[in-house]
Amino acid sequence: MFPDGGIARFRLYGQVVPVFPTSIEQEIELSSALMGGMVLSASEEHFGSSKSNLLLPGRGVDMGGGWETRRSRSPGHVDWVIVKLGARGRVKRIIVDTAFYRGNYPQAMKIEALDDGEGSPDPEDSRWKEILGLQRLGPDKEHEYAASTLSNVEGAAYTHLKMTIVPDGGVKRFR
């Protein structure tokens, strides 16, 4: 803008190209929107929440900045979200954050992974591998799972992760 004035909106479209650290030992958050991670699909969204909020930086400021699903009383009900990582990589740690969800967090969740290149995998695809079995969740907390609690990750690289929450509820961030 030259020489002066105002701009109401500026939008730039394209794809994020990850900037990798120079050290191969440095851990990076492959799911981050800042690294090109994106949510491809979810079983549902409720309360105006967006599934894409899961990959935003930071912990947010209130319940409005997470992914929340509607309550279900149907036996066996689950909700899920599929994340395409910013780059193919090895999973060494997982964080599921329920910040600000004090009465409506999921009871539990599990994580599955898939190496599918640039595809958009089906949630029922038989190639999904469980890397974290069903884990109980609590309110308003970062739940961290180290490599020692993960399975099917040693020597394996993945492009997509699927988080299944049981039975429903709200999650702030998925890293």
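This note goes through the two largest pockets and one open sheet of a predicted model.

1. The largest pocket encloses about 640 Å³ of space, and 22 residues form its lining. Gln26, Glu27, Ile28, Leu30 and Arg90 are the lining residues that lie nearest the centre of this pocket. Strand E3 (79-89) and strand E4 (93-97) are the elements that give two or more residues to the lining.

2. As for chemical character, the lining of the largest pocket is made up of ten nonpolar, four polar and eight charged residues, with Glu27 and Arg90 among the residues nearest the centre.

3. The second largest pocket holds about 240 Å³ of space and is lined by 13 residues, those nearest its centre being Gln15, Val16, Gly36, Met38 and Lys84. Strand E3 provides the largest share of this lining, namely three residues, and E3 is also one of the elements that give two or more residues to the lining of the largest pocket.

4. Sorted by class, the lining of the second largest pocket comprises six nonpolar, five polar and two charged residues, whereas the lining of the largest pocket has ten nonpolar, four polar and eight charged.

5. Strand E4, which contributes to the lining of the largest pocket, also belongs to an open sheet of three strands, arranged in the order E7-E4-E10 with antiparallel pairing. Strand E7 (142-146) and strand E10 (173-174) are the edge strands, each of them pairing on one side only.

6. Between E4 and E7, which run antiparallel, there are five bridges, and within this part of the sheet Ile95 stands opposite Glu144 in E7.

Notes: Residues are numbered from 1 along each chain as its sequence is written. This is a predicted model: local features need pLDDT of at least 70, side-chain atom pairs count only at pLDDT 80 or more; totals for chains, interfaces and linings use all residues. Side-chain values use heavy atoms; hydrogens and water are left out. On a 1 Å grid over the protein atoms alone, a cavity is a set of points where a 1.4 Å probe fits but cannot get out, and a pocket is an open set with protein on both sides within 12 Å along at least five of seven lines; lining residues have an atom within 4 Å of a point. Grid points are joined across faces, edges and corners, and a volume is the space filled by probe spheres set on the points. Helices (H or I, at least four residues) and strands (E, at least two) are DSSP runs, numbered from the N terminus. Ala, Val, Leu, Ile, Met, Phe, Trp, Tyr, Cys and Pro count as nonpolar, Asp, Glu, Lys and Arg as charged, and the others, Gly among them, as polar. Two strands pair if DSSP finds at least two bridges between them.
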